[in-house]
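This briefing takes up the strand pairing, the burial and the surface charge of one protein chain. Please keep the structure open while reading.

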Amino acid sequence: MNVTINSIIQGFKKINKKIIINGWIKTKRTSKKGILFISIYDGSCLKPCQIIINKQIKNYNDILNLKIGYSVEIIGLLTLSIGKKQNFEIKAIKIKIVGLIKNLKKYPITSKYHSKEYLREIAHLRPRTNLISAITRIRHTLMQSIHKYLHKNNFLWIATPLITCIDTEGYSNMFKVSTLNFNKIPYNNSNVNYKKDFFGKKTFLTVSGQLTAETYACSCSKIYTFGPIFRAENSNTSRHLSEFWMIEPEIAFATLKDIINLSENMLKYILKKILNKRYDDLYFLNNKINKKKINHLINFIYYKFEQIDYSEAIKILLKSNINFKFPVKWGLDIFSEHERYLTDKYFKKPVIIKNYPKYIKSFYMKINKDYKTVSNMDILVPEIGEIIGGSQREDKLNILDKRIKESKLIKKKYWWYRDIRKYGSIPHSGFGLGFERILSYITGLKNIRDVIPFPRTPNSIEF
Ligand code: 4AD
Ligand code: MG
């Protein structure tokens, strides 16, 4: 099997041995003596690999015409390099040109700087840039480390369904799933007759796996679901996607305090892993995007998060004397601009806000003794805002029913969710971590569309 550039850097076991590598040409230069130096990348790591091509090589004249972006297969001898820029290089024995660039003038990726907006328009080619390939590798390691952390802590991974017939959050804009013929919609009086639809019911793409995840927590104790989430909110912001990934751990016999501890530990663990395993890529982004990022990540790991009640947060915001766009008042939601004030200006570190008013939060959150607030928490980080939303779940059936009614939801639809409270009900808690939000924070990429391969947002779908 061919080796990747990363495996060569990691291993160094093949020094003075013949190897085959494949990749794309990144740079090319010729020395006065006619020796050709090309560097190729294969996306397995940030560093390209230097190839030295002597005149003696069979197809030297063809090779002279190599252009940036051509794909090649190199058979060569791996040697230690005397150059300062790299530890090793490959002395080419044979070079095969695999793919040409048909019309170089039209090739959208040049060696010039490309704006992130431009790259979004060519999402199929943007992983060829250092920027997007660095993010891709960090994204991979982040996913792996989350699974690893939860596995080490005895969580079972549950696949919760993506197609659903209930609204988990109670107020969501959901994408409908249907096979009805839009030109011939069946009606029952003036209402669409969903009995004729594929599932015989109105169905949607899920906005959270939580409710079905809870049923497994209330039998397997520690579980999590990790998958794509769909939200049809018309929010064209730098932190909203219509399709994103969420990690949702759910724990039996656990209170709000337990999940606060779990989430802080988990976040610190995954950040440590990224700093250890992807330092090259982080350092590259640090220099390119935000020169303070690595310091921020280190502080994130070493300092305890701030914890305050919602009421306290409102007092701080009122005292700020800032003329916010959205009003600040007990009972109203905390918006992005308020979150940013708390994290970036006031506390200058991650903040956990607890016990929000019940009317602005979902029906499943456990009511506090004051019957005004719920036992929930949001974790906010600087520059991004909310990355986690979680709560203790209402475990008393009569109170849950009251909350379903107050939230104007149809009780009948939640029959199986209510069963969990009927049969051996237990205190349990969980949270949802927005994968792309934490990735935006780690990479310093302020627009969430740059940390997912093919972003879906209102009025934007091409690939
Ligand atoms: O706060 P949310 O809506 O919480 C839930 O869905 C709960 N059911 C989770 C649970 O308790 N199991 O969403 C959780 C997180 C947010 O904190 C945010 O990080 C992310 O999901 N998120 C989004 N990320 C990108 N684009 C969007 N449109 C997002 N909406 C939420
Ligand atoms: Mg939330």
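Two strands are taken to pair if DSSP finds at least two bridges between them. By that criterion β3 and β5, which three bridges join, are paired, and the two run parallel. The model discussed here is predicted, and its chain has 13 helices and 18 strands.

**Overall dimensions and burial**

- Taken along the principal axes, the box filled by the C-alpha atoms of the chain is roughly 85 × 60 × 45 Å.
- The chain has 463 residues, of which 52% count as buried.

**Strand β3 and its partners**

- Strand β3 covers residues 49-53, and five of its five residues are buried.
- This burial concerns both faces of the strand, since Cys49, Ile51 and Ile53 are buried on one side, while Gln50 and Ile52 are buried on the other.
- Strand β2 (residues 36-41) is joined to β3 by five bridges, and these two strands run antiparallel; within this pairing, Leu36 has Ile53 of β3 as its bridge partner.
- In the parallel pairing of β3 with β5, Gln50 has Glu89 of β5 as its bridge partner, and Gln50 is also one of the buried residues of β3.

**Strand β5 and the positive patch**

- Strand β5 spans residues 88-99 and includes Lys96.
- Lys96 also belongs to a patch of positive charge on the surface, in which it gathers with Lys18, Lys58 and Lys94.
- With a relative accessible area of 49%, Lys96 is classed as partly exposed, because the exposed class requires a value over 50%.

**The open sheet of eight strands**

- Eight strands form an open sheet with mixed pairing, and their order is β6-β12-β13-β18-β17-β16-β15-β14.
- The edges of this sheet are held by β6 (156-157) and β14 (306-309), each of which has a single partner strand, so that one side of each is left without a neighbour in the sheet.
- Within the same order, β17 is followed by β16, and strand β16 (residues 376-381) pairs with strand β17 (residues 385-392) in the antiparallel sense over six bridges.
- Leu380 stands opposite Glu386, a residue of β17.

**Pairing in general**

- The strands of a sheet pair through backbone hydrogen bonds, and the pairing is either parallel or antiparallel.
- Here the parallel case is illustrated by β3 with β5, and the antiparallel case by β2 with β3 and by β16 with β17.

Note on methods
Residues are numbered from 1 along each chain as its sequence is written. Chains are lettered from A and ligands numbered from 1 in the order in which they are written. This is a predicted model: local features need pLDDT of at least 70, side-chain atom pairs count only at pLDDT 80 or more; totals for chains, interfaces and linings use all residues. Side-chain values use heavy atoms; hydrogens and water are left out. Patches are made of residues with over 30% relative accessible area and no salt bridge: like charges are joined within 9 Å, nonpolar side chains (Val, Leu, Ile, Met, Phe, Trp, Tyr) within 5 Å. Accessible areas come from the Shrake-Rupley method with a 1.4 Å probe; for residues, only the protein chains shown count as cover. A salt bridge is a side-chain nitrogen of Lys or Arg within 4 Å of a carboxyl oxygen of Asp or Glu. Lys and Arg count as positive and Asp and Glu as negative; His and the chain ends are not counted. The place of a charge is taken as NZ of Lys, CZ of Arg, CG of Asp or CD of Glu. Helices (H or I, at least four residues) and strands (E, at least two) are DSSP runs, numbered from the N terminus. Buried means under 20% relative accessible area, exposed over 50%, partly exposed in between (1.4 Å probe, protein chains only).
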